[in-house]
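Visitor: I should like to take a close look at a single part of this molecule, namely its open sheet. Please explain how that part is built and then what lies around it.

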Amino acid sequence: MTTIRLFKHYVRVPFLLMGLTEAVILLLSVYLGIYIRLDVVSLTTPDNAPLIVRALVFSVVLIFSMIAVGLYQARLREGILGFLLRMIASFFLGIIGLSAVFYIIPSLFLGRGTIAIAMLSAFIGIALFRQIIYWKEPSIFKRRVLVLGAGEKAKAITELRRKSDQFGFAIIGFAHLRGEKDAVEQDKIIYLDRPLKEFALHNDIDEIVLAVNDRRKSLPIHDLLECKMSGIDILDMLSFFERETSKIRLDQLHPSWLVFSDGFAQNPFRLGSKRLFDIICSLCLLAISWPFMLLTVIAIWMEDSWKSSILYRQVRVGEFGRPFQVLKFRSMREDAEKNGVAQWAKKNDSRVTLVGGLIRKTRIDELPQIFNVLRGDMSFVGPRPERPQFVVQLCEKIPYYEERHRVKPGITGWAQLLYPYGSSEKDAMEKLQYDLYYVKNHSLFLDFLIMLQTAEVILFGKGAR
């Protein structure tokens, strides 16, 4: 099995194993640094924490830094150069994080020479490990999947052509079913000449995905039961796409799946812990970002005039469809919508000011929304709030669009990480699939993961307009 469910979110075992292995590499790098430096003092001084504790702190900080720049995502497609740039960025963040830790808890300090050697050896070790494992993609990391069906529904799986989309599985073939018209390429279709269970066991199938056009007529229940009792996982198409693409496919979605699937949990503990999480994160971000906010205010005044408005207030749709005023630093001309008609933001939008372009790219324009979170209108993590005019249009044209309002909107979110800025109804539909995934599977673990990966969006400027 190459995917496990951790706090309701699908985590790929290859990345989990990669993270554990690289944590060990980081741990050993500290010991190598101590050995090369012959730093006996740091080993024996009673004021210092045990070396294993300091090595673990070093390892954890660097792992979080690597998560923050996207090094544990299947969607990393920039090649070796992109990987090395992200590694450099993660180690730079790691140095900042370690400096903060050492300042707060001096007993965890490692000598400067030890840290330099540990960083260098860890960088080389992880780069070599990734070269051997990650890019080679050994089949041991992949689930062997048999798709039951070769019709139009099964054809949707063949559209997952990107290398990142197929990281966790290998399609052995599409099993033809009687009475179903084939739509998959002929060389990928398997005509079973033996019972399904026998074929699956003979070919080491880990999982069977049901892609049958009409289950009432052609679903071989007895054969599937035999496979299930033999330890082979049985999965429907929607759950398969949810796990592999981290979104809920609207073209496959039907109400009964929403009714009977797990998730969509709302309970007092979850709501209370999320609110506490929001308040703590907002106060921490405010403590860090206030100098940038002050500089932004000065820059806006310098570009326009001190009489110009700093904040932009706009009505957005919140939890359960309730309207509220979202706060942002003004990044467009004050007459951007002088005719009063709501407009989608466009690429290279002429309404965006010089300062506005910079703060949009770096996401600084979103910082005043901290006060929306503290006020309770928004959460730190959630679907992005949309304008009422657009919501009315999108609810009429896109099924299940109103379901994204089951949770509070957020400053950052799952769709913002995995899909670029949306400026059309088609983009809104694509982003809704990620928003539904979040609404279904939201947890503190997923919120924390999104926050870490938001650093990648800020550092590499993804999705900003």
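Guide: The sheet is described here, followed by several helices.

This is a predicted model, in which local features need pLDDT of at least 70 and side-chain atom pairs count only at pLDDT 80 or more, while totals for chains, interfaces and linings use all residues. Residues are numbered from 1 along each chain as its sequence is written, and side-chain values use heavy atoms, with hydrogens and water left out.

Some terms come first. Helices (H or I, at least four residues) and strands (E, at least two) are DSSP runs, numbered from the N terminus. Two strands are said to pair if DSSP finds at least two bridges between them. In general, strands of a sheet pair through backbone hydrogen bonds, either parallel or antiparallel.

The open sheet has five strands in the order β5-β4-β3-β6-β7, and their pairing is parallel. Strands β5 (189–190) and β7 (233–236) stand at the edges with a single partner strand each, so one side of each has no neighbour in the sheet. From the β5 edge, β4 and β5 pair in the parallel sense over two bridges, and alanine 175 stands opposite isoleucine 190 in β5. Next, β3 and β4 pair over six bridges, again in the parallel sense. On its other side, strand β3 (residues 143–148) is joined by four bridges to strand β6 (residues 207–210), and these two run parallel. Leucine 146 illustrates both pairings: its bridge partner in β4 is glycine 173, and its bridge partner in β6 is isoleucine 208. Helix α10 (residues 237–245) packs on the sheet, touching β3, β4 (169–175), β6 and β7, and its direction makes about 95° with that of β7. Here contact means heavy atoms within 4.5 Å. Axes are lines fitted to C-alpha atoms, for helices over the stretch in contact, and angles run from 0 to 180 degrees between N-to-C directions.

Two pairs of helices may now be considered. The axes of helix α3 (residues 51–68) and helix α5 (residues 112–133) come within 13 Å and cross at roughly 50°. That makes α3 oblique to α5; angles under 35 degrees count as roughly parallel, over 145 as roughly antiparallel, 65 to 115 as roughly perpendicular and the rest as oblique. Phe58, Leu62 and Met66 of α3 make the contact with Ala118, Met119, Ile126 and Arg130 of α5. For helix α12 (residues 268–303) and helix α13 (residues 354–361), the axes come within 9 Å and cross at roughly 155°, which means that α12 is roughly antiparallel to α13. Among the residues in this contact are Ala299 and Ile300 of α12 and Val355 and Ile359 of α13.

Burial can be followed in two further helices. Buried means under 20% relative accessible area, exposed over 50%, and partly exposed in between (1.4 Å probe, protein chains only). In α17, 13 of the 17 residues are buried, so this helix is largely enclosed by the rest of the structure. Aspartate 435 lies in helix α17 and is buried, with a relative accessible area of 4%. Leucine 201, in helix α7 (residues 196–202), is partly exposed, with a relative accessible area of 42%. Not counting residues up to four places away in sequence, leucine 201 touches Ser230 and Ile232. The C-alpha atoms of leucine 201 and isoleucine 232 are separated by 8.6 Å, although these residues are 31 residues apart along the chain.
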